[in-house]
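Trainee: I've got a new structure to look through today. Could you walk me through it, one question at a time?

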Amino acid sequence: MPTPRMPDGAFSRTFQDAGAYYAAAALEQQATYQRYQPTGGAWSLSYDTSMLRIGDVSVHQSPLGSLGHDGSWLWAWGNERTHPPGVPRLGPALWLREFGERNGIYEFVRPRLELAAFADPVGAAERLATVALGALRTRGFASCPLDNGARAFVLVDDAAVPEAGFDRRVVSGMFTVAVRQFPYDPRQTAAGYLARHGFTVRQAVADGSLQAERHDGTTVAVRFTEEGSLAAVSVGMPPPVG
């Protein structure tokens, strides 16, 4: 499959499509991780021990990439000086590269990306990390400022970090936040989120709405406007036992 190019100052459509599918669940998981290990405290990062400490909380991490002060992004597997080929810690980053190769996602297969053309290079790097988190189903990502003005991005893959569970109170809000970041296919945003939480999702032929059901009896219905925007989300909970 030929790999599409990444336009200047924009992500490729294949990346945006992946973002639409993974974003809602990834952003929800990221919020769960940040409650477990809040930012703002003193931090230390060790690639040799695969640990990240912020404040009093330490977690296991794997390198994802780095954002230079000039806006250039370098994937960890492309940074042979810091991460020699074959080191075990590169496993998640290499899986992501293979994922990009299988799905024609330019951003995941090029060792270096120039993000300086984006209005917010740090925000662009965080979008890369968000989709990586969703595809890999890790527990979060962290961004650490370095002395040379760069930022190191790592994937938090520590089982002690809770996995975000399905919460009927936040479903609609998560869809809204995700579509704001990846507005290309709200239907895929809803489908990806529901699949992540164990729902079987079906699309109605008549109106294109999504009907989802989980083994515990929870149901979710998502309706869309004629233009494909989110219109309404409703959740049905299983009847109480006993």
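Mentor: Sure, and here's a definition to start with: a charge sits over a ring if NZ of Lys or CZ of Arg is within 6 Å of the ring centre and within 35 degrees of the ring normal. Keep in mind that what you're looking at is a predicted model.

Trainee: Okay, which charged end sits over the ring of Trp77?

Mentor: We need an Arg or a Lys whose charged end is within 6 Å of the ring centre. Here the distance to the centre of the Trp77 ring is 4.6 Å. The residue that provides the charged end is Arg97.

Trainee: And which ring does the charged end of Arg187 sit over?

Mentor: Use that cut-off of 6 Å again. The charged end of Arg187 is 4.3 Å from the centre of the ring in question. That ring belongs to Phe224.

Trainee: Let's do rings with rings. Are the rings of Phe11 and Phe118 stacked, edge-to-face or tilted?

Mentor: A search of the whole structure turns up 14 aromatic pairs, and this is one of them. Planes under 30 degrees apart count as stacked and over 60 as edge-to-face. The two centres are 4.8 Å apart and the planes make 45°, so the pair is tilted.

Trainee: How many residues apart are Phe11 and Phe118 along the chain?

Mentor: Phe11 belongs to the segment before helix 1, while Phe118 sits in the loop between strand 5 and helix 4. Both are buried. The pair links distant parts of the chain, and the separation is 107 residues.

Trainee: What kind of pair do Trp73 and Trp75 form?

Mentor: Their centres are 5.2 Å apart, with 80° between the planes. Planes over 60 degrees apart fall in one class. So for Trp73 and Trp75 the answer is edge-to-face.

Trainee: Is Trp73 buried or exposed?

Mentor: Buried means under 20% relative accessible area. Its partner Trp75 has 1% and is buried. Trp73 has 0%, so the word for Trp73 is buried.

Trainee: How many residues are in the largest nonpolar core?

Mentor: Those two tryptophans turn up again here: Trp73 and Trp75 are among the residues with the most contacts inside this core, along with Leu64, Leu96, Leu115 and Tyr193. Helix 4 supplies the largest share, 9 residues. There's also a second, separate core, which includes Tyr33 and Val59. The largest core has 55 residues.

Trainee: Now the sheet of strands 8-9-10-11. Which are its edge strands?

Mentor: This is an open sheet of 4 strands with antiparallel pairing, and the twist averages 15° from one strand to the next. An edge strand pairs on one side only. That gives us strand 8 and strand 11.

Trainee: Which residue in strand 9 does Thr200 stand opposite?

Mentor: Strand 8 covers residues 200-203, so that's where to find Thr200. Strand 8 and strand 9 pair in the antiparallel sense over 4 bridges. The residue opposite Thr200 is Glu213.

Trainee: Which helix lies across strand 8, strand 9, strand 10 and strand 11?

Mentor: Helix 5 packs on the sheet too, but touches strand 10 and strand 11. The one you're after covers residues 186-196 and runs at about 170° to strand 10. That's helix 6.

Trainee: Next, what is the phi of Ser50, and is it positive or negative?

Mentor: Most residues other than glycine have a negative phi. Ser50 isn't a glycine, yet goes the other way. It's in the hairpin of strand 1 and strand 2, which has 4 residues between the strands. The phi of Ser50 is positive, about 60°.

Trainee: Is Arg137 buried, partly exposed or exposed?

Mentor: Arg137 also has a positive phi, near 60°, and is found in the loop between helix 4 and strand 6. Buried means under 20% and exposed over 50%. With a relative accessible area of 48%, Arg137 is partly exposed.

Trainee: Last one: in strand 3, what is the bridge partner of Ile54?

Mentor: Ile54 is on the covered face of strand 2, together with Leu52. Strand 2 and strand 3 pair in the antiparallel sense over 4 bridges. In strand 3, the partner of Ile54 is Val57.

Conventions: Residues are numbered from 1 along each chain as its sequence is written. This is a predicted model: local features need pLDDT of at least 70, side-chain atom pairs count only at pLDDT 80 or more; totals for chains, interfaces and linings use all residues. Side-chain values use heavy atoms; hydrogens and water are left out. Rings of Phe, Tyr and Trp (its six-membered ring) pair if their centres lie within 6.5 Å; planes under 30 degrees apart count as stacked, over 60 as edge-to-face and the rest as tilted. Helices (H or I, at least four residues) and strands (E, at least two) are DSSP runs, numbered from the N terminus. Buried means under 20% relative accessible area, exposed over 50%, partly exposed in between (1.4 Å probe, protein chains only). A nonpolar core is a set of buried Ala, Val, Leu, Ile, Met, Phe, Trp, Tyr and Cys residues joined through side-chain atoms within 4.5 Å. Two strands pair if DSSP finds at least two bridges between them. Axes are lines fitted to C-alpha atoms, for helices over the stretch in contact, and angles run from 0 to 180 degrees between N-to-C directions. Contact means heavy atoms within 4.5 Å.
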